[in-house]
Amino acid sequence: MTRAPASLAVDHLSHRYPGAPAPALRDVSFRVAPGQRVGLLGPNGAGKSTLMRIVCGFLPVQAGPDTKVAVAGLDASSQSLQVREQVGYLPEQVPLYVELRVREHLDFRAAIKRVPRRARPAEIRRVAEQTGLGEMLERPIGHLSRGYRQRVGIADALLGAPPLVVLDEPTVGLDPNQVLEIRAMLKSLGGGQTLIFSSHILAEVEALCDRVIVLAEGRCVADESVAEALRASEVLARWDGPPERAAEVLRLAGAQGPQVEGPVADPAGSRARVRCADAREAEALAAALGRASLQAGVPPVQLEVGRRSLEERFYRLTSGEADAGRGAP
């Protein structure tokens, strides 16, 4: 059973729970192309689960003048049932019938998803093989480990080959070996289905995703490829001179403010680290520091453009460090 991967379009989406003092989502917009794997990041309370529940049809779209949520071109407001038929969803707390065997549970769920009766045995075997449940089909779910229960939930989400798969914290609560196994399984999905999943394990997102969308306080603060998120973002500089002279170089190059660490003394003379918004800014700053070093007569020992980690990028975006004057980085 195969279906073409789905696109996802979210335009100006906001959501406020009844009685809540602040919106859970604030004017969120983004696009996901068919077959992309997108990591949804953000601290607790950022709105990730709310966004996923709306995309899956579990929460209604709260209408606004320009609000629209569409899966495979289907409007989630006016075509909610058709949208839900396009989506496989794993919530953070996986609802399972623990008294049933794995095969019985998946058969029941396949019936709900309108998988034809004759096609169900083959479909159950397919998702069981994908999720490593082949030898567990006759086991009662109540006798399974946490990791295998999570696999049952993912197998449920994959039943019927939904064009869009949405997974909310698929590796939460698992031990390191189980995390690696689930990660390998998700990677094997390839581009056959559009995949959106949230995770607090940033290395997992870096390994699995084409793109990252970062939410903070209900707002989309970044929507970029993983490669962009990991672009060079700092310049490490060392000079054959004392920190006072290095400070003059930094001033001449226009490198001032909280993004500058140092200068401080080191065995070579002095050093400083300057954080930048992106690779272009980092490269321009390195060139400016070279010119300023010549102007000030302070020989540079090292001018190196460095790479940032996804952890650093996440921290800057969600802690308020990003320069508000730039807009969403």
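Into which domains is the protein divided?

**View 1. Two domains make up the division of this predicted model.** Welcome to the overview! The protein is divided into domain 1, covering residues 8-229, and domain 2, covering residues 233-307. If you take the centres over C-alpha atoms, 44 Å separate domain 1 and domain 2.

**View 2. Four strands line up in an open sheet.** Follow the strands across and you will meet them in the order β2-β1-β4-β5, with antiparallel pairing. At the edges are β2 (25-32) and β5 (74-75), each of which pairs on one side only. Helix α1 (residues 48-55) packs on this sheet and touches β1, β2 and β4 (68-71). The direction of α1 makes about 125° with that of β1. As a reminder from the textbook, strands of a sheet pair through backbone hydrogen bonds, and they can do so in a parallel or an antiparallel way.

**View 3. Strands β1 and β2 pair, and V28 sits in β2.** Strand β1 (residues 8-15) and β2 are joined in the antiparallel sense over five bridges. In one of the places to look, L13 has V28 of β2 as its bridge partner. Is V28 buried or exposed? With a relative accessible area of 0%, V28 is buried. Leaving aside residues up to four places away in sequence, V28 touches V10, D11, H12, L13, L215, G218 and C220. For a sense of distance, try finding E311 as well: V28 and E311 are 283 residues apart in sequence, and their C-alpha atoms are 22 Å apart in space.

**View 4. Helix α4 has its buried residues on one face.** Which residues of helix α4 (residues 120-130) are buried? They are R120, E123, I124, V127 and A128. Seen down the axis of α4, these buried residues fall within an arc of 135°, so they line one face of the helix. It helps to recall that an α-helix has 3.6 residues a turn, so residues three or four places apart point the same way. The cover over the buried residues of α4 includes α3 (102-112) and α5 (146-158). Just after α4 comes G132, which takes a positive phi of about 70°.

**View 5. The cysteines here form zero disulfides.** C56 is in no disulfide, and the nearest cysteine sulfur, that of C209, is 16 Å away. C56 is buried, at 3% relative accessibility. Why is C220 not bonded to C209? The sulfur of C220 has its closest cysteine sulfur in C209, but the 14 Å between them is too far for a bond. C220 counts as partly exposed, at 22% relative accessibility. In general terms, a disulfide is a covalent bond between the sulfur atoms of two cysteines.

**View 6. A few backbone angles deserve a closer look.** H12, in strand β1, has a phi near 50°, a positive value in a residue other than glycine. H12 is partly exposed, with a relative accessible area of 35%. A161 is not a glycine either, yet its phi is positive, at about 50°. Look for A161 in the loop between α5 and β7 (164-168), where A161 counts as buried at 5% relative accessibility. Finally, visit strand β12 (residues 260-266), the place of P263. The peptide bond leading from G262 to P263 is cis, with omega near 5°.

Conventions:
Residues are numbered from 1 along each chain as its sequence is written. This is a predicted model: local features need pLDDT of at least 70, side-chain atom pairs count only at pLDDT 80 or more; totals for chains, interfaces and linings use all residues. Side-chain values use heavy atoms; hydrogens and water are left out. A disulfide is a pair of cysteine sulfur atoms within 2.5 Å. Buried means under 20% relative accessible area, exposed over 50%, partly exposed in between (1.4 Å probe, protein chains only). Domain bounds come from an automatic or database domain assignment. Helices (H or I, at least four residues) and strands (E, at least two) are DSSP runs, numbered from the N terminus. The arc is that of the directions from the helix axis to the C-beta atoms. Contact means heavy atoms within 4.5 Å. Two strands pair if DSSP finds at least two bridges between them. Axes are lines fitted to C-alpha atoms, for helices over the stretch in contact, and angles run from 0 to 180 degrees between N-to-C directions.
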